[in-house]
2 protein chains.
Amino acid sequence: MAAQQKNVGILAMEIYFPPTCIKQEILEAYDGASKGKYTIGLGQDCMGFCTEVEDVISMSMTAVTSLLQKYNIDPKQIGRLEVGSETVLDKSKSIKTFLMQVFEESGNTDIEGVDSSNACYGGTAALLNCVNWVESSSWDGRYGLVVCTDSAVYAEGPARPTGGAAAIAMLIGPDAPIAFESKLRGSHMAHAYDFYKPNLASEYPVVDGKLSQTCYLMALDSCYKTFCRKYEKFEGKQFSITDASYFVFHSPYNKLVQKSFARLCFIDFLRNASSIDEAAKEKLAPFSSLTGDESYQSRDLEKASQQVAKPLYDEKVQPTTLIPKQVGNMYTASLYAAFASLIHNKHSTLAGQRVILFSYGSGLTATMFSLRLRECRTPFSLSNIASVMNVAEKLKSRHEFPPEKFVETMHLMEQRYGGKDFVTSKDCSLLAPGTYYLTEVDSMYRRFYAKKAMENGSLANGH
Amino acid sequence: MAAQQKNVGILAMEIYFPPTCIKQEILEAYDGASKGKYTIGLGQDCMGFCTEVEDVISMSMTAVTSLLQKYNIDPKQIGRLEVGSETVLDKSKSIKTFLMQVFEESGNTDIEGVDSSNACYGGTAALLNCVNWVESSSWDGRYGLVVCTDSAVYAEGPARPTGGAAAIAMLIGPDAPIAFESKLRGSHMAHAYDFYKPNLASEYPVVDGKLSQTCYLMALDSCYKTFCRKYEKFEGKQFSITDASYFVFHSPYNKLVQKSFARLCFIDFLRNASSIDEAAKEKLAPFSSLTGDESYQSRDLEKASQQVAKPLYDEKVQPTTLIPKQVGNMYTASLYAAFASLIHNKHSTLAGQRVILFSYGSGLTATMFSLRLRECRTPFSLSNIASVMNVAEKLKSRHEFPPEKFVETMHLMEQRYGGKDFVTSKDCSLLAPGTYYLTEVDSMYRRFYAKKAMENGSLANGH
């Protein structure tokens with residue numbers, strides 16, 4: 001029998017989010033919402049969004065070309081490229097095929113993989129598939145490339161401030177600084193109508209916010225219990241939240257991330273795990289006999305468990321929240337943007353640490369999995385990954401839109417969604433050099449893109 | 001390092017297609033097309049279609065439950081379930097999550113996998129992913145399950161007779177009777193607008209028939225050349241079409257399958273491969289200097305190469321054409337329905353044989369890959385797979401609709417697509433016992449299904 005590759009995982013990452021955003025504090029006031037509703041209630045600082053010159057295809061082309069260029073990867077060295085997305089611009093033609101334009105010049109067409117889809121989970125499905133490929137007999141020694149790309153927009157109303165937009169590209173291979181502990185994984189998949197997109201002509205989802213939060217927490221419970229069971233089977237001892245340095249959650253809005261980590265503390269309490277000290281036990285004891293359903297609805301439990309969790313949250317979760325709080329819900333990219341925040345904040349001390357990720361997609365599909373971070377040589381070192389992503393600079397150089405201009409943009413995007421036979425403004429003045437942008441959708445719905453010239457004056461195709 | 005599992009592949013298969021169909025000869029006359037246009041021009045005999053009580057979800061639920069039941073598989077034994085489809089009923093919630101209803105009673109929610117999508121290729125992506133999973137370190141010893149489900153419908157006009165509908169379920173694991181030769185694989189992926197679905201509100205695609213055929217043949221060329229190169233690398237000798245017993249092609253319509261095999265003969269001729277004898281060389285010599293483009297357009301070459309290919313086509317391809325000719329284009333299920341036809345026709349002589357499959361999805365993504373068939377013990381023997389699928393009986397028991405009733409059905413389906421707030425006739429009189437059917441789509445677009453009772457009078461849920 002052939003042997004599996006070791007330490008397969010993420011070798012490199014690039015993140016792209018639009019340079020256009022709106023402050024939640026300002027949107028909150030404009031919407032006439034009570035003060036703190038978006039900033040404290042949702043826990044969000046700012047929201048990124050695409051203007052008419054950007055979409056999930058342009059963002060992913062930008063992320064992929066930037067990663068290949070910054071890591072000096074020959075496009076011929078890519079053997080698999082797959083995409084996770086829930087932003088549908090075509091119901092048949094995958095985003096992956098649009099990305100093949102990036103590889104045209106190299107002549108490399110032997111690149112496996114298509115798009116994976118289930119709400120915000122598609123990127124995780126693509127990532128797990130790509131890791132499996134490297135460990136399988138069909139691996140041909142080349143790199144895999146996983147792309148998460150989404151634009152989250154909502155109809156006017158209470159869900160609108162939970163939008164966001166980004167694309168993330170991840171290079172996959174063996175001996176990675178971000179390696180999968182593949183045996184440690186728990187999934188929970190079920191049939192639910194918490195958030196879905198059955199109105200095909202509209203970009204906006206049908207959302208039951210309360211149900212979706214309960215579904216998320218139930219899936220978290222189930223995944224965590226399965227994860228713990230497998231850990232105990234393979235490691236021969238009980239798992240508790242102290243056995244991982246960081247927890248990264250899919251982040252529709254930060255408040256749910258706070259609740260999620262508190263939920264893990266509560267489950268550890270119910271499991272009588274070592275992470276819960278006597279003081280915490282006392283605080284949580286009143287809730288030990290709640291039924292599952294009651295425990296999801298109890299505001300008192302929520303408050304008590306968040307109080308108990310606070311010190312560990314600050315240590316194990318807070319470093320993962322930067323980009324999701326600043327950009328918003330990026331759907332498939334949200335979890336990996338949270339992980340990118342951790343790399344950005346902690347790259348110098350991550351080697352040897354275990355990081356647990358929880359991916360959730362409505363409908364519903366969820367997986368909790370474990371990564372082991374490792375010191376690797378440049379260019380695939382954690383510090384180089386942080387430096388290439390350059391998160392601080394990207395956040396700093398954004399342009400804040402006033403609410404009127406944001407609403408006007410949303411209105412135009414609404415009209416354009418699914419449309420044909422239009423040209424965009426082609427205004428790329430706000431975009432960074434090297435960014436792709438949409439120029440036209442012709443009468444046959446064919447989409448055309450251009451690339452903003454690099455700063456050094458090189459041509460748009462990079463030569 | 002851990003070792004990869006051996007002979008991973010397909011352990012079992014089930015196919016479901018609607019009991020409703022129309023004869024191409026009758027449709028041809030009704031449409032006022034010239035005699036033989038659909039039957040000889042397209043090479044099709046009959047076309048299956050969903051009536052208002054069936055869709056891709058009901059068909060896949062039928063195929064999955066039937067497979068589990070006939071092979072006596074405990075639903076808890078499934079560790080991965082993934083779907084390939086291009087029929088979008090929801091842009092976010094995957095078909096996989098609907099299928100989780102089948103597993104509810106068992107309590108098994110730890111089932112990885114979502115939907116893979118790119119036109120007719122999504123099923124192949126799902127299948128390759130599932131095989132990789134079994135060979136990877138994340139495999140947990142349970143079965144994988146791959147489902148291809150599609151309903152192909154076209155607007156009135158020349159493409160309408162190329163519709164079809166089916167769902168196929170495949171059980172995946174090691175020591176399989178249908179094992180992958182994973183090193184022998186060539187893919188061709190590119191950006192093209194040959195067939196796509198950008199009009200989100202409509203079920204119908206935008207199709208450039210001529211371009212799509214050229215894209216298909218170009219992708220076939222490219223995949224075959226890559227496949228041959230890899231074969232030569234791993235086997236140390238030249239590959240020719242005589243090195244495989246059967247060739248199975250994605251079949252939008254049979255005529256393209258005939259052209260495709262002829263194309264492989266022509267490429268073998270250009271490669272000076274051993275499969276081409278002197279008489280054939282003489283017939284093909286006049287075309288040896290055509291450019292690639294010219295060769296796709298030349299009717300003389302098409303005719304000459306089909307003539308040369310005829311004896312080998314009858315031997316190596318014809319046994320794979322039954323279901324695609326009888327049911328039509330089943331999109332993601334088409335290739336596997338062709339493969340099922342081969343099992344149906346040749347199960348007793350397949351052990352030890354190599355079968356080459358060519359999967360194509362517009363947009364475009366294509367892969368040619370190799371299977372090695374093996375004798376295995378019941379229930380996973382080739383003869384039992386044939387017997388469980390029971391293709392002849394399923395074809396025989398179909399109901400032929402007159403064209404007026406077919407057109408009326410298409411009209412109703414057109415109105416219903418993407419709609420909400422309706423109940424169906426719930427008329428399941430034409431459906432076989434055990435078949436799932438759509439009863440209602442409520443005001444929130446939620447879809448409800450029922451199962452026709454089994455013949456022995458057991459209840460709808462199988463108890």
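Reader: Buried means under 20% relative accessible area, exposed over 50% and partly exposed in between (1.4 Å probe, protein chains only). With that settled, are A:Arg142 and A:Asp110 buried or exposed?

Author: A:Arg142 and A:Asp110 are both buried. Bear in mind that this is a predicted model, in which local features need pLDDT of at least 70, side-chain atom pairs count only at pLDDT 80 or more, and totals for chains, interfaces and linings use all residues. Residues are numbered from 1 along each chain as its sequence is written, chains are lettered from A and ligands numbered from 1 in the order in which they are written, and side-chain values use heavy atoms, with hydrogens and water left out.

Reader: Thanks! What do the side chains of A:Arg142 and A:Asp110 meet in?

Author: A salt bridge, at 3.6 Å from N to O. The term covers a side-chain nitrogen of Lys or Arg within 4 Å of a carboxyl oxygen of Asp or Glu. This pair links distant parts of chain A, 32 residues apart: A:Arg142 sits in the loop between α5 (122–135) and β6 (143–152), A:Asp110 in the loop between α4 (95–99) and β5 (115–117). Helices (H or I, at least four residues) and strands (E, at least two) are DSSP runs, numbered from the N terminus.

Reader: How many salt bridges are there over all chains?

Author: The count is 44. Among them, B:Lys259 pairs with B:Glu302 at 3.6 Å. B:Lys259 belongs to helix α7 (254–270) and B:Glu302 to helix α10 (299–316), so this bridge ties together parts of chain B that are 43 residues apart in sequence. Both residues are buried.

Reader: And which residue forms a salt bridge with A:Asp442?

Author: A:Arg446, with the closest N and O atoms 2.8 Å apart. A:Arg446 is partly exposed at 32% relative accessible area, while A:Asp442 is buried at 10%.

Reader: Switching topic: how many disulfides are there?

Author: Zero over all chains, where a disulfide is a pair of cysteine sulfur atoms within 2.5 Å. The sulfur of A:Cys215 is 12 Å from the closest cysteine sulfur, in A:Cys223, which is too far for a bond. A:Cys215 is buried, at 8%. For B:Cys120, the nearest cysteine sulfur belongs to B:Cys148, 11 Å away.

Reader: Last one: what turn lays chain B on chain A?

Author: A turn of 180 degrees with a shift of 0.0 Å along the axis, giving an RMSD of 0.0 Å. That is the relation of a two-fold axis. Copies are superposed by least squares on C-alpha atoms of residues with pLDDT of at least 70 in both. Also, 100% of the interface residues of chain B are interface residues in chain A too, so the copies meet through the same surface; contact means heavy atoms within 4.5 Å.
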